[in-house]
Amino acid sequence: MSEVRIAAEPRTEFGKGAARRTRRAGKVPAVLYGHGTDPQHIALPGHDLMLALKTPNVLLTIEGLSGGSELALPKDVQRDPVKGFLEHVDLLLVKRGEKVVVDLPVNLVGDVVAGGVVQQELVQVSVEAEATHIPEAVDLSIEGLEVGTQVLAGDLKLPSGVTLQVDEEALVLQIADATASAGATETAAEAAEAAEAAEAAAEAPEGEAAAE
């Protein structure tokens, strides 16, 4: 897994105004917590943090802390809903050898069979892994899977040392008939249009309805 070193600065001002000033300075407000310690309020370089967070479950070595460097995992990342910039990050302290529960994206590999379409129910799965050996994703090959095939969580091939933390019977995906799926989509769309027309007719004034 990826491990990124990043320099932290202590944060002594709090509140929305202080957070805005921190972001204007190119830094991101963050809180480091875990292992029964008091939360540490820090600021991290925005550009470096943004690049690091492109990797799911990236392991961060936080430097510049009063007690020395610490390992941490991002647990909650808040972004501006419009512009997408980082607003705040919660970081969980971890230790080498420690087991943690994380969500891994399910990465589909290969091409779906002709006439089939992938209906994916789970785009990520919860697993337990060693904090310093978290895989970036769970690869799932769909090459050669016939129409009608279902893949359950228990069918996923996990790396050594990684264990599943969701129901093994949970449906990850199925290979559906593309023609039947398209027909069902069209039927659903037609039903939605009919319902909207009926609702509009019911809401229309009596005079307008009579004129029609």
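This report describes the sheets, salt bridges and largest pocket of a predicted model.

**The seven-stranded sheet**

Strands of a sheet pair through backbone hydrogen bonds, either parallel or antiparallel. In this model, seven strands form an open sheet with mixed pairing, and their order across the sheet is β1-β5-β6-β7-β3-β4-β2. Strands β1, covering residues 3-7, and β2, covering residues 9-10, stand at the edges with a single partner strand each, so one side of each has no neighbour in the sheet.

Within this sheet, strand β3 (residues 27-34) runs parallel to strand β7 (residues 86-94), and four bridges join the two. Tyr33 offers a place to look for this pairing, since its bridge partner in β7 is Leu92. Helix α1, made of residues 16-24, packs on the sheet and touches β3, β4 (37-45) and β7, while its direction makes about 115° with that of β3.

**The four-stranded sheet**

A further open sheet is built from four strands in the order β11-β8-β10-β13, again with mixed pairing. Here the edges are held by β11 (138-141) and β13 (163-164), each of which has a single partner strand, so that one side of each is left without a neighbour in the sheet. Strand β10, residues 124-130, is joined to β13 by two bridges, and these two strands run antiparallel. The residue that faces Glu128 of this pairing as its bridge partner in β13 is Thr163.

The loop between β12 (150-152) and β13 contains Ser160. Ser160 has a relative accessible area of 80% and is therefore exposed. Although Ser160 and His133 are 27 residues apart along the chain, their C-alpha atoms are separated by 9.9 Å.

**Pairings of strand β14**

Strand β14 (residues 171-177) pairs with strand β9 (residues 116-120) in the antiparallel sense, over five bridges. In this pairing, Gly116 has Asp177 in β14 as its bridge partner. Strand β14 is also joined to β12 by three bridges, and these strands too run antiparallel. Gln150 stands opposite Gln174 in β14.

**Salt bridges**

Side chains of opposite charge can pair when their charged atoms come close. The structure holds three salt bridges, and the table gives the separation of the closest N and O atoms in each.

| Basic residue | Acidic residue | Closest N and O atoms |
|---|---|---|
| Arg96 | Glu3 | 3.1 Å |
| Arg5 | Glu63 | 2.7 Å |
| Lys27 | Glu9 | 3.4 Å |

What does the salt bridge between Arg96 and Glu3 tie together? Arg96 lies in the loop between β7 and β8 (99-109), whereas Glu3 lies in strand β1, so the pair links parts that are 93 residues apart in sequence. Arg96 is exposed, with a relative accessible area of 55%, while Glu3, at 40% relative accessibility, counts as partly exposed.

The salt bridge of Arg5 with Glu63 connects strand β1, where Arg5 lies, to strand β5 (residues 59-63), where Glu63 lies, and so ties together parts that are 58 residues apart in sequence. Arg5 is exposed, its relative accessible area being 58%, and Glu63 is partly exposed, with a relative accessible area of 27%.

In the salt bridge of Lys27 with Glu9, Lys27 belongs to strand β3 and Glu9 to strand β2, so the pair ties together parts that are 18 residues apart in sequence. Lys27 is partly exposed at a relative accessible area of 24%, and Glu9 likewise counts as partly exposed, at 37% relative accessibility.

**The largest pocket**

About 200 Å³ of space lies in the largest pocket. Its lining is formed by Leu53, Thr55, Pro56, Asn57, Val58, Leu73, Pro74, Lys75, Val101, Val102, Asp103 and Gln124. Which elements give two or more residues to this lining? They are β6, which covers residues 70-79, and β8. Strand β8 is also a member of the sheet with the order β11-β8-β10-β13, and β6 is a member of the sheet with the order β1-β5-β6-β7-β3-β4-β2.

Note on methods. Residues are numbered from 1 along each chain as its sequence is written. This is a predicted model: local features need pLDDT of at least 70, side-chain atom pairs count only at pLDDT 80 or more; totals for chains, interfaces and linings use all residues. Side-chain values use heavy atoms; hydrogens and water are left out. Two strands pair if DSSP finds at least two bridges between them. Contact means heavy atoms within 4.5 Å. Axes are lines fitted to C-alpha atoms, for helices over the stretch in contact, and angles run from 0 to 180 degrees between N-to-C directions. Buried means under 20% relative accessible area, exposed over 50%, partly exposed in between (1.4 Å probe, protein chains only). A salt bridge is a side-chain nitrogen of Lys or Arg within 4 Å of a carboxyl oxygen of Asp or Glu. On a 1 Å grid over the protein atoms alone, a cavity is a set of points where a 1.4 Å probe fits but cannot get out, and a pocket is an open set with protein on both sides within 12 Å along at least five of seven lines; lining residues have an atom within 4 Å of a point. Grid points are joined across faces, edges and corners, and a volume is the space filled by probe spheres set on the points.
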